[in-house]
Amino acid sequence: AERTRTGRFFRSQSWRWALWTLQCSMLHTLSKKALGVVTGADRLPVELDPIQEKIDALGRPPRFHQKGTPEMRLQELGMTLPEASSALAKYSPVVLVGDLMHISGQLPRDAEGNLITGKVGPPLEGETDYKDVAAGAAAARACAVQVLSQLQGALGSLDRIVRLVKLTGFVNAAGAFDEHSKVIDGASQLMLDVFGEAGRGTRSSVGVASLPLNCTVEVEALFQIQLKST
């Protein structure tokens, strides 16, 4: 009787199905090992790079809307952004690549729309168009206002900003001046005022011999934006 049951099994399709399943399982295992894929007990403990651990610990960037949106903060600051300035040469003021919005260098303008000019630092003999650190920081803040205007003009609302990625500031500095960071703090502070901790990005502060139209400061920026509504 046992031999009869065995014969019936091999004459049926069941043994072929069982053999095919076993072969597929073996091929899958061999393929993973050949490709270097390991799982479960085969996985060895990996020591993460300390910097990567810190980045992973940060998680999602802080969201400013928990304590008011950027547009609400502008109102609290009593600010009305001017119309975005047009390009002064052959470039685009704003370029979007993926979810990163690049803002070209913005020049400082006063309340009447006039450019703020002059160097920052101790004046040379006979020169009068020089500014101290406080005046330089005010010019940097004026640049940041222009950056926000470009963002608002391109996006319709600052509420679509996820975070500031990087701010780069150029200071039209006198030869002996070395407090460029204090000048660009004027721009950084406005970003913090409007976006909260999401406005604290990386930064470079650079002193230069001259700037377009003899402007005091120029600031460019990079932002991450929200592409879809959540």
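## Close-up views of a predicted model

**View 1. The buried residues of helix H6 pack against six elements.** Those elements are helix H4 (70–76), S3, H5, S5, strand S6 (202–208) and S7. The model is predicted. Within H6, the buried residues are His 180, Val 183, Ile 184, Gly 186, Ala 187, Ser 188, Leu 190, Met 191, Val 194 and Phe 195.

**View 2. Helix H6 bends at Gly 186.** The bend is about 35 degrees. What span should the 16 residues of H6 have? At 1.5 Å a residue, the answer is 22 Å. The end C-alpha atoms of H6 are 23 Å apart, so the two values agree. Gly 196 follows H6. The phi of Gly 196 is positive, near 65 degrees.

**View 3. The largest nonpolar core holds 37 residues.** Which of them touch the most other members? They are Leu 148, Leu 151, Met 191, Phe 195 and Phe 223. Strand S2 (100–106), helix H5 (133–155), strand S5 (161–172), helix H6 (180–195) and strand S7 (217–225) each give two or more residues to this core. H5 gives the most, with 10 residues.

**View 4. Phe 223 and its contacts beyond four places in sequence.** Phe 223 is in contact with Asp 99, Leu 100, Met 101 and Ile 103. Val 147 and Leu 151 are also among its contacts. So are Ile 161, Arg 163, Leu 164 and Val 165. Met 191 and Phe 195 complete the list.

**View 5. Val 120 sits in strand S3 (residues 119–120).** Is Val 120 buried or exposed? Its relative accessibility is 0%, so Val 120 counts as buried. Leaving out residues up to four places away in sequence, Val 120 touches Lys 131, Asp 132, Val 133 and Gly 136. Val 120 also touches Val 171, Asn 172, Ala 173, Ala 174 and Phe 177. Val 183 and Thr 216 are touched as well. Gly 207 is 87 residues from Val 120 along the chain. In space, the C-alpha atoms of Val 120 and Gly 207 are separated by 9.6 Å.

**View 6. The largest pocket has 15 lining residues.** Rolling a probe the size of a water molecule over the atoms shows where space is left empty. About 180 Å³ of space lies in the largest pocket. Which lining residues lie nearest its centre? They are Leu 88, Tyr 91, Gly 105, Gln 106 and Leu 107. S2 and H5 are the elements that give two or more residues to the lining.

Note on methods: Residues numbered from 1 in each chain as written. Predicted model: local features only at pLDDT ≥ 70, side-chain atom pairs only at ≥ 80, totals over all residues. Heavy atoms only, no water. Core = buried A, V, L, I, M, F, W, Y, C linked by side-chain atoms within 4.5 Å. Buried < 20%, exposed > 50% of the residue type's maximum accessible area, 1.4 Å probe, protein only. Helix = DSSP H or I, 4+ residues; strand = E, 2+ residues; numbered from the N terminus. Contact = heavy atoms within 4.5 Å. Expected span 1.5 Å × (residues − 1). Bend = angle between axes of the 7 residues up to and from the residue. 1 Å grid on protein atoms, 1.4 Å probe; cavity = no way out; pocket = protein on both sides within 12 Å on 5 of 7 lines; lining within 4 Å. Points joined across faces, edges and corners; volume = space filled by probe spheres on them.
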